[in-house]
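Let's take a walk through this model together, beginning with a term that will help along the way. Please have the sequence and the structure open as you read.

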2 protein chains.
Amino acid sequence: MTIAAPKLTLQAFLQLPYIEESPAWEYINGEGVQKPMGGGKHSLLQKGLIAAIDQANTRYEAFPELRCTIGNRSIVPDVVVMDKSQLPLDESGDISSAGIEFAPPWVIEILSPAQSQTKVTGNILHCLRHGTQLGWLLDPHERSVLVYQPDRLPDLLFGSDRLPALDGVALPLSVETGYGWLRRD
Amino acid sequence: MTIAAPKLTLQAFLQLPYIEESPAWEYINGEGVQKPMGGGKHSLLQKGLIAAIDQANTRYEAFPELRCTIGNRSIVPDVVVMDKSQLPLDESGDISSAGIEFAPPWVIEILSPAQSQTKVTGNILHCLRHGTQLGWLLDPHERSVLVYQPDRLPDLLFGSDRLPALDGVALPLSVETGYGWLRRD
């Protein structure tokens, strides 16, 4: 779905009452766009990735569906990984209910069947241009991961290819191990 | 469609009698895969791009559906652009009916509705890693062009963004001008 409001500003978008409904809405190139429903594969991969990254037990922590508002775009990556010290807190010291307003070090997107890969790619590239160091784009249908890092061509990884993580994160994960989380037998 | 032949070699693939049927078959990661039908938008964009590149009247020429066999992969990009001196000739001086066995300077792919964007992206990245200088990936649904160049992140271009061409090719083409070819009113 796309909000057919000409000249919607980022500020006006962020005031809309329904943008945190599920699936969340994103603000891309002056338009509000609702993410498609992820479905079962999406759900399991998102859960598996968050658990694996958190279990690596580093200064980084993984968060599902956290709003990132950076450079006149407001997106909700499937997984955002940031330094625990970067977590925004409210006055009482709890995690803030707002999202973040900086480019997180690592974003992960998992393609849904109805999703535009170009749009998701655009969001990842936008993050990288604003300071993100690592972007993964999972395509469950192809069982592949496109890996984006600054100032280089993306890498398309399959099978036993080891997935690169942030510096200092020991995450011995191959592409096929990740997609193995989809099996329940 | 995918040929379910385990361990198909590139040499065996190239001997298959039907790989030049339309749509053509490609050899990717050890599998033969038939390209999907392009459809009307695909056809018009392919035609328009070839005419525009040829009319720029440089040492380069554009070719539709020319097989490129490089680095254990055999692909048929929608448009291949190469130096006229690179054209393979047969004994009689005609253009050879075989494809080329080097990475052309420029490849263009136009997404079809049924096509895997990840697979097409993989083909473009493969060409770039073997010497191609420029890759365009058109997404007619998003009216965008992803532009790939060596050793840098791709650029996602829209609207009035000017499309980069090969050095020495004066092609004053914006994204919206290109997609304007789809209108017939």
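A residue is called exposed if 12 or fewer other C-beta atoms lie within 10 Å of its own, and buried if 20 or more do. With that in hand, we can look at helix 2 of chain A, keeping in mind that this is a predicted model. The face of helix 2 turned away from its buried side carries A:Gly40, A:Ala51 and A:Gln55, which are exposed.

What about the buried side itself? In helix 2 of chain A, the buried residues are A:His42, A:Leu45, A:Gln46, A:Leu49 and A:Ile53. They cover an arc of only 100° around the axis, so they sit on the same side of helix 2 of chain A. Their packing partners in chain A are strand 3 (60-64), strand 6 (79-83), strand 7 (106-110), strand 8 (134-139) and helix 4 (175-180).

The helix also has the length one would predict for it. Helix 2 of chain A covers residues 40-55, and at 1.5 Å a residue its 16 residues should span 22 Å; the end C-alpha atoms are indeed 22 Å apart. After this helix comes A:Asn57, with a positive phi near 60°.

Now let's step back to the whole of chain A. Chain A contains 4 helices and 10 strands. Read from the N terminus on, its elements follow the order α-β-β-α-β-β-β-β-β-α-β-β-β-α. Its C-alpha atoms fill a box of roughly 45 × 40 × 35 Å along the principal axes. How does the radius of gyration of chain A fit with that of a compact globule? For 185 residues such a globule would have a radius near 16 Å, and chain A has 16 Å, which agrees. Of the 185 residues in chain A, 35% are buried. Among contacts in chain A with a separation of 6 or more, 53% join residues 24 or more positions apart.

Next comes the second copy. Two copies of a chain are related by a rotation about an axis and a shift along it. Here, chain B is superposed on chain A by a rotation of 180° with 0.0 Å of shift along the axis, at an RMSD of 0.0 Å. That is the relation of a two-fold axis. In chain B, the C-alpha nearest the axis belongs to B:Arg152, at 2.0 Å from it. Both copies use the same surface: 100% of the contact residues of chain B recur in chain A.

Where do the chains meet? The contact takes 19 residues from chain B and 19 residues from chain A. On the side of chain B that touches chain A, helix 3 (117-129) and strand 9 (144-148) of chain B are the elements that give two or more residues. Helix 3 of chain B gives the most, with 7 residues. Sorted by class, this side of chain B has 7 nonpolar, 7 polar and 5 charged residues.

Finally, you can revisit helix 2 in chain B. There, B:His42, B:Leu45, B:Gln46, B:Leu49 and B:Ile53 are buried. Seen down the axis of helix 2 of chain B, these buried residues fall within an arc of 100°, so they line one face of the helix. On the other side of helix 2 of chain B, B:Gly40, B:Ala51 and B:Gln55 are exposed.

Conventions
Residues numbered from 1 in each chain as written. Chains lettered and ligands numbered in written order. Predicted model: local features only at pLDDT ≥ 70, side-chain atom pairs only at ≥ 80, totals over all residues. Least-squares fit on C-alpha atoms with pLDDT ≥ 70 in both. Contact = placed C-beta atoms within 7 Å. Rg over C-alpha atoms; globule rule 2.2 N^0.38 Å. Arc of directions from axis to C-beta. Nonpolar A, V, L, I, M, F, W, Y, C, P; charged D, E, K, R; others polar. Expected span 1.5 Å × (residues − 1).
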